[in-house]
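Here are a few short exercises to work through with the model open in your viewer. Try each one before you read the solution.

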Amino acid sequence: MIKTDIVIIGSGIAALSVANTLCKNGRKVTILTKSLKTSSNSNLAQGGISVALSENDNFNMHYDDTLEAGCYFNNSESVMTLVSNAPEIIMDFINSGMRFDTDEKGNLLFGKEGAHHINRIIHAGGDRTGQMVMKELFSQLNENVTINENEMVLELRVKNNECGGVVTRDEDGNINRYEANYTILATGGIGQLYPCTSNDITITGDGLAMAYRAGLELSALEFVQFHPTMLNINGKTMGLVSEAVRGDGGILVNQDGVRIMEGVHKLKDLAPRDVVSRAVYDRYLSGESIYLDISNIYGFSERFPYVSEICERNGVDLSKNLIPVRPGAHFHMGGIKAKPTGETSVDGLYAIGEAACTGVHGANRLASNSLLEGLVFGKLTADNIMSSERIAPSFEFEEADAEIDRLPSKNEIQKKMMKFIGIVRYRNKIPEIIKWFESFIPAGVDKPFGRVNLEKTTNQQMEIYNMITTGYLIAKAAFERSESLGAHYIIDKE
Ligand SMILES: Cc1cc2nc3c(=O)[nH]c(=O)nc-3n(C[C@H](O)[C@H](O)[C@H](O)COP(=O)(O)OP(=O)(O)OC[C@H]3O[C@@H](n4cnc5c(N)ncnc54)[C@H](O)[C@@H]3O)c2cc1C
């Protein structure tokens, strides 16, 4: 048994935000991450961070936009906690060394994205915000932090509603058991459940599946956000084209140059993401080719160096001003039910970032609110932990005997999820995918997709087991919500 004070699962923005505050206050932190420490959605983020710092803005306006985009399904207290703490936390981050893009006088530049009624997105390195923010956060960690790369967390050690740490497999194949006073789950979303996604390859819903097996409360799982503009090369997704491109004047057109958002929504190309995604998807399904027309954007390559790079790498000639796009899975609004201060329904177990559901995003996330969520709720969770005292309960954690007998391929799961739980869902078809998932439930588990024997399961099998568990839970939640709301667009019958 490895004894430690605080274990954090994942190495994205939420993990590093909480780790930074804890380590600067002398707390020992062990970060366990399943691949390289830079493998995360946070590192891929482009557009920026929304924060009410401009002269004409205030956090009440940010609050209103967050609720409107979330279809008022948000937890309004969580939203207020986010937007009201944001200006001070971001200013502290800037004062500690983070450099966001500024004009020649040193004033922050504010970009615009969908469903924001004002320019309030700060960015770094043009459209390399995630990379720059993560670089800064990594550089601020001190000697109190140990980062174990290629160590996948397999299970949470939870008994009688108390968490006592985690079980992992390290890069040498050893199963490790950690006893921790505090366990913080920051495993991100579920994008890899879909064939077209902006998400990092490691984002397979592990945290949700582990939390479900450990009996935690989950919430709002049916709400999966699709981003309208993934770079589309011959039907394959080759990365994201940030919404900031539309914020700066990019326009969605079809192969004949017809604007596709005209008459669809009053905000046109900057309508909420679910609206734009459905419009693009409808056209795509009917055989049209959709492009982002960037001819209105002056100095595109300087403002969007990362998007320019992925376009050039994939043979898109930017001098023609047309970038081929299609929608893809991007963000999960649902997750492990948690407070903005990280507490979940299990004592000693905290959930933060995209893996958590504090209700802050409602039925549809407002653009650029999730890096912010990681920074702000990460900090509040660290403060919360520092103001409490907890010693890991010492208990025998009985590991399961059940064995996985058969699993589908990742490809099969992704295709089924897109077909049944995609941008448009047909309610009468959903039982078909639920039944399909159920056909993989191993014999002898304590509940559908319950715990299995870890020694006899490889990491690759566990990842797929986590994907089918999460897919099954999302499908069940989607079936239960019979009315369309935000990103959950459901039609009674096909
Ligand atoms: C291409 C792209 C662009 C985006 N642009 C923006 C933007 O401009 N602004 C914005 O606000 N949001 C943006 N988002 C969303 C935002 O980046 C994410 O919601 C946010 O970074 C999530 O942070 P996180 O710390 O919760 O999770 P992540 O950054 O995804 O980190 C999760 C970590 O957990 C690790 N992990 C997962 N499972 C396990 C396991 N079993 N064991 C150990 N480790 C595990 C992963 O490897 C990863 O390191 C974007 C997302 C993408 C994909």
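The exercises below go from a small sheet to the domains and then to the ligand, and the model is a predicted one.

**Exercise 1.** Work out the strand order of the open sheet of 3 strands, and find its edge strands.

*Solution.* Start with the order, which reads E9-E15-E17, with mixed pairing. Next, look for strands that pair on one side only: these are E9 (218-219) and E17 (356-357), the edge strands. Now zoom in on E9 and E15 (residues 335-337), which run antiparallel and are joined by 2 bridges. For a concrete partner, take Leu218: its bridge partner in E15 is Ile336. Finally, add the helix: H6 (residues 206-213) lies across E9 and E15, at about 40° to E15.

**Exercise 2.** Split the chain into domains and describe how they touch.

*Solution.* The domain assignment gives domain 1 as 1-223 + 333-399 and domain 2 as 228-328. Their C-alpha centres are 28 Å apart. For the contact, count residues on each side: 19 from domain 1 meet 24 from domain 2. On the domain 1 side, those residues divide into 6 nonpolar, 9 polar and 4 charged.

**Exercise 3.** Which residues come nearest to the ligand, and what is the make-up of the shell around the ligand?

*Solution.* There are 44 residues around the ligand, and the nearest are Gly10, Gly12, Gly47, Gly188 and Gly353. Then check which elements give two or more residues to this shell: among them are H1 (13-24), H5 (129-140), strand E6 (152-159) and H11 (370-386). H6, the helix from Exercise 1, is also on that list. To finish, sort the shell by type: 16 nonpolar, 25 polar and 3 charged.

How values were computed: Residues are numbered from 1 along each chain as its sequence is written. This is a predicted model: local features need pLDDT of at least 70, side-chain atom pairs count only at pLDDT 80 or more; totals for chains, interfaces and linings use all residues. Two strands pair if DSSP finds at least two bridges between them. Helices (H or I, at least four residues) and strands (E, at least two) are DSSP runs, numbered from the N terminus. Two residues are in contact if their C-beta atoms, placed from the backbone, lie within 7 Å. Axes are lines fitted to C-alpha atoms, for helices over the stretch in contact, and angles run from 0 to 180 degrees between N-to-C directions. Domain bounds come from an automatic or database domain assignment. Ala, Val, Leu, Ile, Met, Phe, Trp, Tyr, Cys and Pro count as nonpolar, Asp, Glu, Lys and Arg as charged, and the others, Gly among them, as polar. A residue is near a molecule or strand if its C-beta atom, placed from the backbone, lies within 6 Å of it.
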